Amino acid sequence: MIDNFIAKSYFNYSGYIFRMFPGLLSLILPKTIVVEASNMCMLRCPACATVNYSRRPKGVMSFELFKFLADSIDWKLKRINFSYAGEPLINHDLFKMVRYAADKGIDSIVETNGMLLEGCVEDIIESGLYKLNVAFDGISQGAVEKYRKGIDFDKVVSGVRKLTQAKKRKGLNKPEIHLQLIVMKHNQDSIDAVIAMAKELGVDFVDFKSMILSGGSGLSLQEKDKLASEYLPTENEFLRYEHTGERWQIKKSLRGFCSHVLSDTVIMWNGDVTVCTMDVEGRFVMGNIRKGSLHKIWRSRGYYQTRKKILLRRFPECNECGYLLSDFRSIKLR
């Protein structure tokens, strides 16, 4: 609670400085990049923009393009998040990319629905992956499939178990394994049960995240109300929205400076670069790494102008941000 308050105060103060002098951000090269391994998925989650609304061409990033990107980075990059608008494990070269990044001293994070985990255990162990987040929205098939349409929960559990056993067998500390529960109306009373199951499976953390209604894509008020009625939790701690009498919108208490504009940028599977992890449609592409270095794109005038809009909260995706500072909590188990 105190850590969140300190972090939020820091970022809000930083926001004031950078809103006054937005050009300063161009001088700070990103510490994290988001690489879209794939924008395809086998599930049909009701609020997911990728499977329900996206018209962007589908594909996976080639290892050659990733290698080109990694080799072109001429500053100290801290981490790569290989999760964006799809299921990353669909890309058969994913853990080859993770290994290539690890050999350059770059940590990698992968977020997965867990459906393909069973067949990737050895690749994960050998890749040097730093952190793995597995979607885990309950403790039974019936509970989880209420939102994750098409899930095979037994398969997910089996994959997690095999991974923790392999990690223990080899005496490894990494990857750090997280189970992530999106808190919704039908599972908000299952938190203790999820924690108990996570301990039994031998994972390192359980993360609890708030529900987002539209995944960054525009919904009609009727569509949003329907999703809200079915899925939004009643527990205020995990509710990022408030109802104004006309529509659901992000709580005022959660609005503030976007810390991601300081340190993140997104490279889509085809090499397009966008400024925001909520831009799943690629409406705000600043360039392509095949035509110009990421370094130059980050410092381009177009990027500067868009970054300025984000700082002033004139960027449309800010209204449905899925990466708020206080929208989750994490419990360490090991």
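This report describes the fold, the cysteines and the internal cavities of a predicted model.

## Overall architecture

The protein chain contains 12 helices and 12 strands, and of its 334 residues, 53% are buried. Among contacts in the chain with a separation of 6 or more, 72% join residues that lie 24 or more positions apart. The accessible surface amounts to about 15,700 Å², and carbon and sulfur atoms account for 52% of that area.

## Cysteines

A search of the whole structure returns zero disulfides. For Cys45, the closest cysteine sulfur belongs to Cys48 and lies 6.0 Å away, which is too far for a bond, because a disulfide requires the two sulfur atoms to be within 2.5 Å. Cys45 is buried, its relative accessible area being 8%, and Cys120 also counts as buried, at 13% relative accessibility.

## Internal cavities

The model holds three cavities of 30 Å³ or more, and the largest cavity encloses about 830 Å³ of space. Its lining comprises 34 residues, of which Cys48, Tyr84, Glu111, Arg148 and Ile182 are the closest to the centre.

Several secondary-structure elements take part in this lining, with at least two residues each from helix 2 (49–52), strand 3 (107–112), strand 4 (131–135), strand 5 (176–183) and strand 6 (205–210). Strand 4 gives the most, contributing three residues to the lining of the largest cavity. By residue class, the lining of the largest cavity consists of 18 nonpolar, 11 polar and five charged residues.

Methods
Residues numbered from 1 in each chain as written. Predicted model: local features only at pLDDT ≥ 70, side-chain atom pairs only at ≥ 80, totals over all residues. Heavy atoms only, no water. Buried < 20%, exposed > 50% of the residue type's maximum accessible area, 1.4 Å probe, protein only. Helix = DSSP H or I, 4+ residues; strand = E, 2+ residues; numbered from the N terminus. Contact = heavy atoms within 4.5 Å. Areas by Shrake-Rupley, 256 points an atom, 1.4 Å probe, with all protein chains shown as cover. 1 Å grid on protein atoms, 1.4 Å probe; cavity = no way out; pocket = protein on both sides within 12 Å on 5 of 7 lines; lining within 4 Å. Points joined across faces, edges and corners; volume = space filled by probe spheres on them. Nonpolar A, V, L, I, M, F, W, Y, C, P; charged D, E, K, R; others polar.
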